[in-house]
Amino acid sequence: MAPRKSSVAKSKCALCGAKEVSEPRGEERYCRDCWEKKIAVEEIVAREFALKRYIRAHSAEKYLIYHSTIKRPCGQIIVVDDGYDLFLTMVLYPNFGWDESGYHLDGDPEGRTFAEILVDVVATEVIEPWGGGKWHLEIFRSANPDAEDWNGEM
Ligand SMILES: [Zn+2]
């Protein structure tokens with residue numbers, strides 16, 4: 001094992017530049033106060049998203065993703081439970097700035113995009129209610145805001 005640099009343990013918080021780092025565990029970059037502030041901001045940003053379920057089957061669900069700034073859905077999620085793991089497929093529509101920073105804190109070395117924050121929302125609102133466990137998520141970017149709809153009967 002490589003020797004630990006003692007300077008890392010003593011470094012100051014990236015946000016306030018005053019207190020010593022203690023969070024997050026293993027990758028300490030923030031003091032506890034600033035970390036809690038950052039988490040609180042992320043929670044506010046996360047609450048701007050709303051997941052609305054519109055198909056509910058025995059072992060699958062489909063949700064539309066809404067953001068408070070736009071009327072139309074900006075994505076969708078399909079969840080399939082194969083009896084062991086959860087398989088999620090997320091499609092992000094081009095009508096929302098998914099790659100933009102979800103928030104800005106002065107001096108913060110680690111921002112997060114809306115797409116990354118959405119993954120937290122999905123974990124809390126979809127994966128946990130399904131019972132948690134092992135899950136796999138694929139994210140696709142759609143070129144069109146609207147789906148091409150086909151209907152049939154055989
Ligand atoms: Zn701090």
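What percentage of the 154 residues of the protein count as buried? The figure is 19%. The model is a predicted one, and this text goes through it from the overall form down to a single residue.

The protein has 3 helices and 5 strands. Along the sequence these elements follow the pattern α-α-β-β-β-β-α-β. The radius of gyration is 19 Å, well over the 15 Å that the globule rule gives for 154 residues, so the protein is more spread out than a compact globule. The extents of the C-alpha trace can be set beside that value: along the principal axes the trace spans about 70 × 35 × 25 Å. As for contacts along the chain, take those between residues at least 6 apart in sequence: 38% of them join residues at least 24 apart.

The domain assignment divides the protein into domain 1, residues 9-47, and domain 2, residues 50-146. The centres of domain 1 and domain 2, taken over C-alpha atoms, are separated by 25 Å. Domain 1 puts 8 residues into the contact between them, and domain 2 puts in 11 residues. Sorted by class, the side of domain 1 that touches domain 2 consists of 5 nonpolar and 3 charged residues, with no polar ones.

Next comes the interior. In soluble globular proteins, nonpolar side chains tend to be buried together. Here the largest nonpolar core has 17 residues, and those with the most contacts inside it are I65, I77, L88, L118, V122 and V126. At least two residues of this core come from each of β2 (60-67), β3 (75-81), β4 (86-92) and α3 (114-127). The element that gives the most is α3, with 5 residues. I77 shows what the surroundings of one such core residue look like: not counting residues up to four places away in sequence, I77 touches L51, Y63, I65, L88, M90, V122 and V126. Another core, of 6 residues, lies apart from the largest one, and C13, V21, Y30 and C31 are among its members.

The strands can be followed through their pairing. β3 and β4 run antiparallel to each other and pair over 7 bridges. One of the residues bridged is V79, whose partner in β4 is L88. L88 is also one of the residues with the most contacts inside the largest core. The hairpin of β3 and β4 has 4 residues between the strands, and in this hairpin G83 takes a positive phi near 100 degrees. With β5, in turn, β4 pairs in the parallel sense, over 7 bridges.

How does a single residue of β5 fit into this picture? Strand β5 covers residues 135-141, and W135 is found in it. Opposite W135 in this pairing stands L86. Setting aside neighbours within four places in sequence, W135 is in contact with D85, L86, L88 and I127. Is W135 buried or exposed? W135 lies in between: it has 16 C-beta neighbours inside 10 Å and therefore counts as partly exposed, since a buried residue needs 20 or more and an exposed one has 12 or fewer. Contacts in space need not follow the order of the chain, and a distance can also be given for a residue that is far off: the C-alpha atoms of W135 and D106, which are 29 residues apart along the chain, are separated by 34 Å.

Definitions and conventions. Residues are numbered from 1 along each chain as its sequence is written. This is a predicted model: local features need pLDDT of at least 70, side-chain atom pairs count only at pLDDT 80 or more; totals for chains, interfaces and linings use all residues. Two residues are in contact if their C-beta atoms, placed from the backbone, lie within 7 Å. A nonpolar core is a set of buried Ala, Val, Leu, Ile, Met, Phe, Trp, Tyr and Cys residues joined through C-beta atoms within 7 Å. The radius of gyration is taken over C-alpha atoms; the globule rule is 2.2 Å times the number of residues to the power 0.38. Domain bounds come from an automatic or database domain assignment. Ala, Val, Leu, Ile, Met, Phe, Trp, Tyr, Cys and Pro count as nonpolar, Asp, Glu, Lys and Arg as charged, and the others, Gly among them, as polar. Two strands pair if DSSP finds at least two bridges between them.
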